[in-house]
Amino acid sequence: MSAPATAVDVDVIIAAGPRRVLGRRRDGAVVLPRLRLTASWPPPSSQLPGAVAAETGLRVALLEPLDTTLFVAEPVDGEPTAGYGWHDATAFGAASVRHWLDRSAPAGRPAWYRPGWFAAATGWLDAVLAGRGARRTGPVSQIRHWTTSTVLRAPTGDGAVFLKAALPHLVAEPRVIAELARSWPRAVPQVLAHSAEHGWWLSADFGAQPPAGDGAAALRLLARIQAATVGRTGPLEAAGCPVLTLEDLADRVPALTRRAEVWDRAGTGPGGLTGVAMWLQDRCAELDDLDLPPTLTHGDLHPDNAADRPDGPLLFDWSFARIAHPLFDLAGWLHQVAEPEARRQVDAYLDGWRQLASAGELREAWRVAKPVAALVELVKFVDLMDRTGPGYAFDYLPMAAVWARRILDAVAGRDAQLTGWRDPRPARLG
């Protein structure tokens, strides 16, 4: 889920070794490449390598962002042009370079932020293709690169293939997809290979581009998959899909309300949150009493994780899949859907559950589930903050604050609609 596009200037530290950094002289100083991108944060990592190549003549592999406007990269191919050359890191006056030199690698740094990862992943990809009697027809490109996961694209004579790596707690995704493909082969990506050792997996081209234009169709598909999975979650759990119960969720609430960095950005300090905690726990209990059965949830459902195909929608990026209350997936999907389209899409989704409950019961279940679903999203982003550490909090804290604000709105009665969310106030970044 991304915010409206804005212009952002991103500096890039391209390091060929521990102290050789790409730069050029300007006004008597050595400066880094600076690229102006039109994007929200995280910046569109798919654009950044191409922008670097156009500016400097080098093809690079992105390593890690140091903050919202500074990336580190390593050279892959080419020679510097346009006045760029290699300089000792101490030649740069920029505080950003000194920060990079002095910075210790965060304990939660993902493997794909480390030098050499791109080459190793490309080697594995080439070996898999060779084993299938195929080969690349062009260079590997980075189409998604942030702290949660990375995705590479490689062209072949039979179409593009995609390599994905994710944080260790999310590596069950290819096994979950493979299990889903037994019954829904056209609804999920085709897994071509999987390395449990590295946490990498390879998929075939979807044959379509996100985002999904027909949101109602995507939600109907999800509801069909979920309804068919009720009482049959054992194989998914065996594939590594975790279980999230409403009791587990309620138990997380007290600790969450003590996260001052989240609630401060949401517009309130932690001192007044005792009532919020009790209210959320009551909503978890109320939702549990409605007795809608747990089933597979996508966990990160939004239009950019769905694609329209001639034979029906495809749902991808199942990294956060879990066995939980089915209505939780509506929260992320409706994140930026306005009325009355949200009403139409909710109706399409709930229609898939009519075999288990009446329309009125389902409407009531979503009324109760909506703030709890916001709580699930908040838990997800806080969990990512904890797993990756404060060095990468800028990737997650703004979205955590959005969901915390929506909880506050629900508690205060400022979000009475059953369908779309109120437009969120911009997350405070200072």
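Glutamine 142 lies in strand 8 of this predicted model. With a relative accessible area of just 4%, glutamine 142 counts as buried, because the cut-off for that label is under 20%. Its surroundings are drawn from several stretches of the chain: neighbours within four places in sequence aside, glutamine 142 touches Ser45, Ser46, Pro49, Val60, Ala61, Leu62, Phe118, Val151 and Leu152. One of these partners, leucine 62, puts its backbone nitrogen 2.8 Å from a polar atom of the glutamine 142 side chain. For a sense of scale, the C-alpha atoms of glutamine 142 and leucine 246 are 38 Å apart in space, with the two positions 104 residues apart in sequence.

Phe118, a contact of glutamine 142, leads on to helix 3, where it is among the buried residues. The helix runs over residues 117-131, and its geometry checks out: at 1.5 Å a residue, 15 residues should span 21 Å, and the end C-alpha atoms are indeed 21 Å apart. Its buried residues are Trp117, Phe118, Ala121, Thr122, Trp124, Leu125, Val128 and Leu129. Viewed down the helix axis, these fall within an arc of 160°, so they line one face of helix 3. Turned away from that buried side are the exposed residues Ala119, Ala130 and Gly131. Just past the end of helix 3, glycine 133 adopts a positive phi of about 75°.

Two of the buried helix 3 residues, Trp117 and Trp124, also show up in the ring-pair analysis, where they are linked with Trp200 into a cluster. In total, the structure holds seven aromatic pairs. One of them brings together tryptophan 146 and tyrosine 396: the ring centres are 5.5 Å apart and the planes meet at 55°, so this pair is tilted. Tryptophan 146 belongs to the loop between strand 8 (141-145) and strand 9 (149-154), and tyrosine 396 to the loop between helix 12 (359-388) and helix 13 (397-411), so the pair ties together parts that are 250 residues apart in sequence. Both tryptophan 146 and tyrosine 396 are buried.

Another pair is formed by tryptophan 403 and tryptophan 421, with centres 5.3 Å apart and planes at 80°, so it goes down as edge-to-face. Here the link is between helix 13, which holds tryptophan 403, and the segment after helix 13, which holds tryptophan 421, so the parts tied together are 18 residues apart in sequence. Tryptophan 403 and tryptophan 421 are both buried as well.

Aromatic rings also turn up under charged groups. Arginine 283 has its charged end over the ring of tryptophan 279, 5.0 Å from the ring centre. In a second case, lysine 380 lies over the face of phenylalanine 320, and the distance to the ring centre is 5.1 Å.

Next comes aspartate 317, placed in the loop between strand 15 (314-315) and strand 16 (322-324). Its backbone takes a positive phi of about 60°, although the residue is not a glycine. The aspartate 317 side chain has polar contacts with two other side chains: that of lysine 164 at 2.7 Å and that of serine 319 at 3.1 Å. Beyond its neighbours within four places in sequence, aspartate 317 is in contact with Lys164, Glu173, His298, Asp300 and Asn305.

Aspartate 291 is likewise a non-glycine residue with a positive phi, in this case near 65°. This residue is found in the loop between helix 9 (274-289) and strand 13 (295-297), and at 62% relative accessibility it counts as exposed. A further backbone feature is the peptide bond from proline 210 to proline 211, which is cis, with omega near 0°. Proline 211 is located in the loop between strand 12 (200-204) and helix 5 (215-229).

Finally, threonine 56 is part of helix 1 (residues 48-56). Threonine 56 is buried, and its relative accessible area comes out at 0%. Setting aside neighbours within four places in sequence, the contacts of threonine 56 are Leu22, Pro33, Glu79, Pro80, Thr81 and Tyr84.

Key:
Residues are numbered from 1 along each chain as its sequence is written. This is a predicted model: local features need pLDDT of at least 70, side-chain atom pairs count only at pLDDT 80 or more; totals for chains, interfaces and linings use all residues. Side-chain values use heavy atoms; hydrogens and water are left out. Helices (H or I, at least four residues) and strands (E, at least two) are DSSP runs, numbered from the N terminus. The expected span of a helix is 1.5 Å times one less than its number of residues. Buried means under 20% relative accessible area, exposed over 50%, partly exposed in between (1.4 Å probe, protein chains only). The arc is that of the directions from the helix axis to the C-beta atoms. Rings of Phe, Tyr and Trp (its six-membered ring) pair if their centres lie within 6.5 Å; planes under 30 degrees apart count as stacked, over 60 as edge-to-face and the rest as tilted. A charge sits over a ring if NZ of Lys or CZ of Arg is within 6 Å of the ring centre and within 35 degrees of the ring normal. Contact means heavy atoms within 4.5 Å. A polar contact is a pair of N or O atoms within 3.5 Å; within protein, one must be able to donate a hydrogen and the other to accept it, and residues adjacent in sequence count only if both atoms are side-chain atoms.
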